[in-house]
There are 2 protein chains.
Amino acid sequence: MMGTAEEVCASSCTVDYVQAGLRVLEGRWKLVIVSHLFRNSLLRFSELERLIPGITQKMLIQQLRALEADGVVERIAHPVVPPHVEYRLTPDGLGLEGALIALDDWARTRHQPA
Amino acid sequence: MMGTAEEVCASSCTVDYVQAGLRVLEGRWKLVIVSHLFRNSLLRFSELERLIPGITQKMLIQQLRALEADGVVERIAHPVVPPHVEYRLTPDGLGLEGALIALDDWARTRHQPA
DNA sequence: CCGTATCCTCTCTGATACTG
DNA sequence: CAGTATCAGAGAGGATACGG
């Protein structure tokens, strides 16, 4: 009933799920976006744009939409003129912290074997 | 213009490091390869090829080389004819397990909110 | 057995211009 | 302000054939 692969890592960790997790954060910008939302909890489109030098509007909206579709980010549009839209992490998105810390630890320790 | 990023997630987790960690496992095959090496600890090229349906020799060697360059897997070539080459996780590669489990937990719980 | 070498396609990324 | 539309380049991924 589960996915296609019964691939398993050491203990009981399914490749399909890990791959899904990785996919959510894949690419050049998603992690940067998410990290800003971790720190600020509520950001407007233009604020994200300013906080992330080098990103284009196209890439920003594209990645935000992907994160939204994955249930990581929530889009809050206020019906005013001019438009006012805010983004924040969903509860589910906040749950990513453990995985991010684990990856951080791993990548960090290999450069500081001490 | 990828800054040296002092981007930080909730507590003290650096974007650069997390991104490095993600990059190591990125793509369609690396995770599958690593998971097989987690379970079998020592596999020949041809064994991996057989264990991973659909992968081409090019992709297999390409991903193995990338993982090797990242210090995650080790290539052991026995100087015999015909060639005999084995792959296994490095101690560093084994350290990925925590991150994989964290990602797995996250991806798994969002599909089973119960 | 363990790879290389080509060639081709498709996705990702980005620059630029425009709009409700 | 918060997006869309278009076009183009680079690279990841893959099919197939060949080589030590």
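Which residue of chain A comes closest to the rotation axis? That's Ala99(A), with its C-alpha at 2.9 Å. Keep in mind that this is a predicted model, where local features need pLDDT of at least 70, side-chain atom pairs count only at pLDDT 80 or more, and totals for chains, interfaces and linings use all residues. Residues are numbered from 1 along each chain as its sequence is written, chains are lettered from A and ligands numbered from 1 in the order written, and side-chain values use heavy atoms, with hydrogens and water left out.

**The two copies**
- A turn of 180° and a shift of 0.0 Å along the axis lay chain A on chain B with an RMSD of 0.1 Å (least squares on the C-alpha atoms of residues with pLDDT of at least 70 in both).
- The two copies are thus related as by a two-fold rotation axis.

**Around DNA strand D**
- DNA strand D has 21 residues around it (a heavy atom within 4 Å), and the closest are Arg75(A), Tyr87(A), Arg28(B), Trp29(B) and Lys58(B).
- Of the strand D atoms that come within 4 Å of the protein, 67% belong to sugar and phosphate.
- H4(A) gives the largest share of this surface, four residues (helices are DSSP runs of H or I, at least four residues, numbered from the N terminus).

**Polar contacts with strand D** (N or O pairs within 3.5 Å)
- The side chain of Gln57(A) has an N or O atom 2.7 Å from a base oxygen.
- Tyr87(A) puts a polar side-chain atom 2.7 Å from a phosphate oxygen.
- Val85(A) uses a polar backbone atom, 3.1 Å from a phosphate oxygen.

Key
Polar contact = N/O pair within 3.5 Å; in protein donor to acceptor, adjacent residues only side chain to side chain. Helix = DSSP H or I, 4+ residues; strand = E, 2+ residues; numbered from the N terminus.
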